[in-house]
Amino acid sequence: MTDRIQTVITTDGEVDDMNSFIRALYYSKEMDIRGIVLSASMYHYAGNIKKGTAPYRWTGTQWMYRFLDDYRTIQNNLKSHDQRYPSADELYSLIHVGNISSCGDMEEETDGSLFLTDLFLQKHGQPVYVQTWGGTNTTARALKTIEERYRNTDQWQKVYQHVCDHIILYIILDQDVTFSTYISRKWPDIRIIQDTSNFWHFAYAWKRNNPALTETLQSPWCQKYLMHKGPLMAHYALMGDGRMIDGELYEEQRGTDDYLKEHPEYQRYDFISEGDTPSFLYLIDRGLRSIEHPSYGGWGSRFTEDKHGIYRNTALDYNPYTKQYEAQYSLSRWFTDIQNDFAARIEWGLTDDDTAISHYPAFSMDQPVDLTVFPGQTLMLSCTTAAHVS
């Protein structure tokens, strides 16, 4: 058993997925990444010539490998700051192509779906979080394979319970029908964390936040801390940066001057989007203990359970900038911390000199972390800090 959360990334390869993937590489030491699976969604799919399905906004299957080639050039620097960073070769071996031919495609078994099938059947000792950056279709196909193998056997109840006990789906939006038409009906006991709205505020709708929360998403900050920061960050897309994404529609190419003319609310080199990033920030231990229960809140937002047993982003936090209780503030309140943390990790990739780079202080509490207190009671806390840790 590892002290890091086991997880799988499934992605449809949108530009904000690409940005999220780059950030995930800088956070890969924090997670036990078990697989990376290309899937489809209503927004991106590869098409199928035999079935007469044309591709739609499909960005291909090679972009991850290009990113990992440049991750390889900084992996030794990253490892000098923390040996838990995986190698590019390790990450290469985790990539699988799943069901990508159309939106909601779960008709046939694929390399990606069979990989997930095997993973879901393994005994892990702790849950595996399935990050769903696109549709749930490849995950659904994996579950359907398990159902087809075992439903009519005397092992079915044991297998069903094992899978429900060992996987948790963190779904960003609901980008095809396979969750509603298959997973929720056939696997109702699988635990679900579903972000249907908060993620937008770290995605294409970030401008809707109070400006006090978005300084680190604005062009000056992005130019200073994200641009020209090594070979991996050279792939990180910003507004109007001239970058063209293969397969994407021209009107969705946010790197063009034409896009900036059509959307004057953006400045050149503004943040574009990382709508899928909350699904792995949720897994990162920042002392908020969010992984213990979705309602605690953390860098991946805060959730409440609905009548169907699904945790949704309906928890309200008080936003001092708008003086209102808002669901999105359970995520947007952390933007500055999230971005500053990212900037520090980017610097780790540029040098192996850990004496000249920011790290976290070692921190320990001088009392138990679980305390019982009462309203109005004065609580004194003490802690100890020491030399940095990675």
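## A surface loop and its nonpolar patch

Leu379 is found in the loop that joins β11 (360-365) and β12 (383-389), in what is a predicted model. With a relative accessible area of 43%, Leu379 is partly exposed, and because a patch takes in residues with over 30% relative accessible area, this value of 43% is compatible with its place in a nonpolar patch on the surface. The other members of that patch are Phe363, Met365, Val369, Leu371, Val373 and Leu381, and the accessible area of the patch as a whole comes to about 640 Å².

## Nonpolar cores

The largest nonpolar core holds 72 residues, of which Tyr26, Tyr27, Tyr71 and Leu226 touch the most other members. Helix α1 (residues 15-26) gives the most to this core, contributing seven residues. Apart from it lies another core, made up of 29 residues that include Phe120, Leu143, Leu169 and Tyr182.

For Leu226, when neighbours within four places in sequence are left aside, the residues in contact are Trp221, Met233, Tyr236, Leu238, Phe342 and Ile346.

## Positive phi outside glycine

Arg57, a residue other than glycine, has a positive phi near 50°, and lies in the loop between β2 (31-38) and α2 (63-72). Its relative accessibility is 8%, so Arg57 counts as buried.

Tyr269 likewise is not a glycine and has a positive phi, here of about 75°, and its position is in the loop between α10 (257-262) and α11 (278-281). With a relative accessible area of 22%, Tyr269 is partly exposed, whereas Arg57 is buried.

How values were computed: Residues numbered from 1 in each chain as written. Predicted model: local features only at pLDDT ≥ 70, side-chain atom pairs only at ≥ 80, totals over all residues. Heavy atoms only, no water. Patch = residues over 30% accessible without salt bridge, like charges linked within 9 Å, V, L, I, M, F, W, Y side chains within 5 Å. Areas by Shrake-Rupley, 256 points an atom, 1.4 Å probe, with all protein chains shown as cover. Salt bridge = Lys/Arg side-chain N within 4 Å of Asp/Glu carboxyl O. Helix = DSSP H or I, 4+ residues; strand = E, 2+ residues; numbered from the N terminus. Buried < 20%, exposed > 50% of the residue type's maximum accessible area, 1.4 Å probe, protein only. Core = buried A, V, L, I, M, F, W, Y, C linked by side-chain atoms within 4.5 Å. Contact = heavy atoms within 4.5 Å.
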